[in-house]
Amino acid sequence: GRERDSLLVALAVGGNTPLPDEDIQHLISEAALAFYNAPGALTTALRLAADTVNRILLERNLASTGRGQYLIGSLILAALRADSLTLLQCGPAHTQVVSAGQVQHFHDASLSGKEIGLNQTFGQYFSQVTLAPGDRILLLPMRAMPREWEGALAFDRGLQPIEIAHRRMMSSFNGDVSAALVQVSEGRGALNIAQVELDTPA
């Protein structure tokens, strides 16, 4: 089982057909179901979750080909086990991890412009990082990170409350964005959602 694992899903869906929020939540739920039911290694479970999202989007696209409608997605899956975070990025995406004032930026430029939902196979980028209390994680399933955000977390260094960092980042950027900002704290591995904002991906 995956009792020791916690999963974060950051998904942005674009294209020329708006996808209702409840359908996006369904995609996320299906990804989580695939992850927690998957046997074997953690990376295998992450791959199965990503495959599930890609398959659902692809099936929708194939069913609407005659109408010229399509959906594409960018996906970040983050699996937490103890103090280890394993990331899987599919499609254009960025992840920043800030620890002790140092920023690690995870991004595979070769996936730029290669969103999921268009083919049975798709690019995948794995990375892993060890976390400590106070670290912050920015998940950004978008082609480009807002220029105003590039140094925001490094400048903050985790000294300001996360609510202030969140407000400052949102006020500094004027467009649509799809992102999640996470703070690590000591505990038993539970995920606490402090605030949810649904934004249209750019």
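## Order of the elements

Starting at the N terminus, the elements of this protein follow one another as β-α-α-β-β-β-β-β-β-α-α-β. That gives four helices and eight strands in the protein. Please keep in mind as you explore that this is a predicted model.

Two figures help to set the scene. Of the 202 residues of the protein, 41% count as buried. Among the contacts with a separation of 6 or more, 69% are between residues 24 or more positions apart.

## The sheet that starts with β1

Let us begin with the sheet in which four strands stand in the order β1-β2-β3-β6. This sheet is open, and the pairing is antiparallel. At its edges you will find β1 (5–15) and β6 (125–130); each has a single partner strand, so one side of each has no neighbour in the sheet. On average, neighbouring strands here are turned by 15 degrees against each other, direction ignored.

For a look at one pairing, go to β2 (residues 71–81) and β3 (residues 84–90), which are joined in the antiparallel sense over seven bridges. A handy place to find this pair is R81, which stands opposite S84 in β3.

## Two helices across this sheet

Helix α1 (residues 21–37) lies across β1 and β2, and runs at about 145 degrees to β1. Helix α2 (residues 42–63) lies across β1, β2, β3 and β6, with an angle of about 160 degrees to β2.

The two helices also meet each other. α1 and α2 pack at an angle of about 145 degrees, and their axes are 8 Å apart. The crossing of α1 past α2 is right-handed. On the α1 side, the contact is made by D23, L27, E30, A31, A34 and F35. On the α2 side, the residues taking part include L42, A45, L46, A49, V53, I56 and R60.

## A closer look at α1

What length should α1 have? With 17 residues at 1.5 Å a residue, α1 should span 24 Å, and its end C-alpha atoms are indeed 24 Å apart, which agrees.

Now turn to its side chains. The buried residues of α1 are I24, L27, A31, A34 and F35. Around the axis they cover an arc of only 100 degrees, which places them on the same side of α1. What do these buried residues pack against? Their partners are β1, α2 and β2. E22 and N37, on the other side of α1, are exposed.

L27, A31, A34 and F35 are worth finding in the structure: they are among the buried residues of α1, and they also take part in the contact with α2.

## The sheet with β5 and β8 at its edges

There is another open sheet to visit, with four strands in the order β5-β4-β7-β8 and antiparallel pairing. Its edge strands are β5 (102–106) and β8 (180–183), each of which pairs on one side only. Neighbouring strands in this sheet are turned by 15 degrees against each other on average, direction ignored.

Strand β4 (residues 94–99) and β5 run antiparallel, joined by five bridges. To find one of these in the model, look for Q96, whose bridge partner in β5 is H105.

This sheet has a helix lying across it too. Helix α4 (residues 162–172) lies across β7 (136–140) and β8, running at about 160 degrees to β8.

Definitions and conventions: Residues numbered from 1 in each chain as written. Predicted model: local features only at pLDDT ≥ 70, side-chain atom pairs only at ≥ 80, totals over all residues. Heavy atoms only, no water. Pairing = 2+ DSSP bridges. Axes fitted to C-alpha atoms, helices over the stretch in contact; angles between N-to-C directions. Contact = heavy atoms within 4.5 Å. Expected span 1.5 Å × (residues − 1). Buried < 20%, exposed > 50% of the residue type's maximum accessible area, 1.4 Å probe, protein only. Arc of directions from axis to C-beta. Left-handed = near helix turned anticlockwise from the far one by under 90°.
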